[in-house]
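Here is a walk through one protein chain, from its overall layout down to single residues. Have the sequence and the model open as you read.

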Amino acid sequence: MTFDAIIIYAAAAALFIGSAFVLVGVIGLLKFNDPMTRLHAPTKVGTIGIGMLLLASVLVSLAKGEPSMHEFLIMAFLFVTAPVSAHFIAKVCIHRQDCVAPPSPRADDTWSTLKSPDQETDNTTA
């Protein structure tokens, strides 16, 4: 078995895995009812699926002897923009009150600091 054949089989496996992830993402997008739960399917599963499809494209171009780096740029752009866009969509849903808002923080001064509730607030010097 030659090196090119191994690369083609790896590309076929990446296509299969990527297609499976994209299919799960599409089913999740269609199945979930709430916008916040719908958000997880394309951003989490879809990103991995598209990444595997692009990896298969890289492997095929490598097997042909014409390596291409464009796919890596697309992957980098996708991996950077997908979480940011998901965050913005979630913030819009919360501000428009289309979904259940997250719970309010506790009414103490330790929820957003590094203090532990067990620490004393004694400020005397020794």
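A quick word on terms: helices here are DSSP runs of at least four residues, numbered from the N terminus. With that in hand, Thr 47 can be placed in helix H3, and there is more on Thr 47 further down.

## Overall layout and confidence

This is a predicted model, so let's start with how far to trust it. The protein chain averages a pLDDT of 80, and 81% of the residues score at least 70. Going by element, H1 comes out highest with a mean of 90, while helix H2 (residues 35-38) is lowest at 78. As a general caution, predicted coordinates should not be read in detail where pLDDT is low.

As for the fold, the chain has four helices and zero strands, so to speak a plain α-α-α-α when you read along the sequence. Of the 126 residues, 22% are buried. Take the contacts with a separation of 6 or more: 63% of them join residues 24 or more positions apart.

## The nonpolar core

Which residues form the largest nonpolar core? There are six: Ile 7, Ala 11, Ala 14, Ala 56, Leu 59 and Ala 63. Helix H1 (3-31) and H3 each put in at least two residues of this core.

Ala 14 is a handy one to zoom in on. Setting aside residues up to four places away in sequence, Ala 14 touches Met 52 and Ala 56, and Ala 56 is itself a member of the core.

Helix H1 also holds Phe 16, and here the picture changes. Phe 16 is exposed because its relative accessible area is 64%, and the cut-off for exposed is over 50%. Its C-alpha atom is 8.5 Å from that of Leu 53, with the two positions 37 residues apart along the chain counted as their separation.

## H3 against H4

How do H3 and H4 run relative to each other, roughly parallel or roughly antiparallel? Their axes come within 10 Å and cross at roughly 175°. Angles over 145 degrees count as roughly antiparallel, so H3 is roughly antiparallel to H4. By class, the contact between them has 11 nonpolar, four polar and one charged residues.

On the H3 side, the residues that meet H4 are Thr 43, Thr 47, Ile 50, Gly 51, Leu 54, Leu 55, Ser 57 and Val 58. Their partners in H4 are Glu 71, Phe 72, Ile 74, Met 75, Leu 78, Phe 79, Ala 82 and Ala 86.

## Thr 47 up close

Is Thr 47 buried or exposed? It is buried, because its relative accessible area is 10% and buried means under 20%. Leaving out neighbours within four places in sequence, Thr 47 is in contact with Pro 42, Leu 78, Phe 79 and Ala 82. Among these, Leu 78, Phe 79 and Ala 82 also appear on the H4 side of the helix pairing.

## Along H4 and into the loop

Two residues of H4 are worth a look. Ser 85 sits in helix H4 and is partly exposed, with a relative accessible area of 34%. Ser 85 and Thr 43 are 42 residues apart in sequence, yet 8.7 Å apart in space from C-alpha to C-alpha. Ile 94 is in helix H4 too, and at 28% relative accessibility Ile 94 counts as partly exposed. From Ile 94 to Met 36 is 58 residues along the chain and 9.0 Å between C-alpha atoms.

Finally, the connection between the paired helices: Gly 65 is found in the loop between helix H3 (40-64) and helix H4 (70-95). Gly 65 has a relative accessible area of 54%, so it is exposed. Gly 65 and Asp 4 are 61 residues apart in sequence, and their C-alpha atoms are 9.4 Å apart in space.

How values were computed:
Residues numbered from 1 in each chain as written. Predicted model: local features only at pLDDT ≥ 70, side-chain atom pairs only at ≥ 80, totals over all residues. Heavy atoms only, no water. Buried < 20%, exposed > 50% of the residue type's maximum accessible area, 1.4 Å probe, protein only. Core = buried A, V, L, I, M, F, W, Y, C linked by side-chain atoms within 4.5 Å. Contact = heavy atoms within 4.5 Å. Axes fitted to C-alpha atoms, helices over the stretch in contact; angles between N-to-C directions. Parallel < 35°, antiparallel > 145°, perpendicular 65-115°, else oblique. Nonpolar A, V, L, I, M, F, W, Y, C, P; charged D, E, K, R; others polar. pLDDT = per-residue confidence, 0-100.
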